[in-house]
Amino acid sequence: MNQPPRFSSALLLSFGLVLGLGGCTYYQTAPGVYAPMPNAFERSWSAAVGALEDEGVRILTLDSNAGKASGAAATSA
């Protein structure tokens, strides 16, 4: 009586791993596309500086670390 050859468990396991890993997809961010979003303070700081400029204030110094901005109001002559 001829019996079909038996596959070893190691061969079946490796074959299963190869097939299983072939279906996995790894998504990577494209280089140069990702730009981190500014945090809440940076957005608020930029809005405050923009508001000063919109009102005609000539900005003299900006210190975002200390949260201070100084400028001179535009005068009408």
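# Notebook: helix α2 and the β1–β2 hairpin

I started with one pair across the strands: arginine 58 has alanine 72, in β2, as its bridge partner. Note to self: this is a predicted model.

**Entry 1, the hairpin.** How many bridges join β1 to β2? I found 5, with β1 covering residues 58-63 and β2 covering residues 68-72, and the two strands run antiparallel. I also looked up leucine 62, which stands opposite alanine 69 in β2. Between the strands of this hairpin there are 4 residues. Glycine 67 caught my eye there, as its phi is positive, near 75°.

**Entry 2, the helix.** Next I went to α2, which runs over residues 40-54 and has 15 residues. From its first C-alpha to its last I get 21 Å, close to the 21 Å expected at 1.5 Å a residue. What caps the N-terminal end of α2? I see asparagine 39 doing that, with a side-chain oxygen 3.2 Å from the backbone nitrogen of phenylalanine 41. Past the other end, just after α2, glycine 56 has a positive phi of about 90°.

**Entry 3, two rings in α2.** I looked for aromatic pairs and the count came to 1. It is phenylalanine 41 with tryptophan 45: their ring centres are 6.1 Å apart and their planes sit at 25°, so I wrote the pair down as stacked, because planes under 30 degrees apart count that way. Both residues lie in helix α2, 4 residues apart, which is about one turn of the helix.

Are these two buried or exposed, or something in between? Phenylalanine 41 has 44% relative accessibility, so I put it down as partly exposed. Tryptophan 45 comes out at 17%, so I noted it as buried, because the cut-off for buried is under 20%.

**Entry 4, lysine 68.** Back to the hairpin, where lysine 68 lies in strand β2. Its relative accessible area is 58%, so I have it as exposed; the cut-off here is over 50%. Which residues does lysine 68 touch? Leaving out residues up to four places away in sequence, I listed Trp45, Thr61, Leu62 and Asp63. Tryptophan 45 is the one I followed up: along the chain it is 23 residues from lysine 68, and the C-alpha atoms of the two are separated by 9.6 Å.

**Wrap-up.** Tryptophan 45 turned up twice in my notes, once stacked with phenylalanine 41 and once among the residues that lysine 68 touches.

Key. Residues are numbered from 1 along each chain as its sequence is written. This is a predicted model: local features need pLDDT of at least 70, side-chain atom pairs count only at pLDDT 80 or more; totals for chains, interfaces and linings use all residues. Side-chain values use heavy atoms; hydrogens and water are left out. The expected span of a helix is 1.5 Å times one less than its number of residues. A polar contact is a pair of N or O atoms within 3.5 Å; within protein, one must be able to donate a hydrogen and the other to accept it, and residues adjacent in sequence count only if both atoms are side-chain atoms. Two strands pair if DSSP finds at least two bridges between them. Buried means under 20% relative accessible area, exposed over 50%, partly exposed in between (1.4 Å probe, protein chains only). Contact means heavy atoms within 4.5 Å. Rings of Phe, Tyr and Trp (its six-membered ring) pair if their centres lie within 6.5 Å; planes under 30 degrees apart count as stacked, over 60 as edge-to-face and the rest as tilted.
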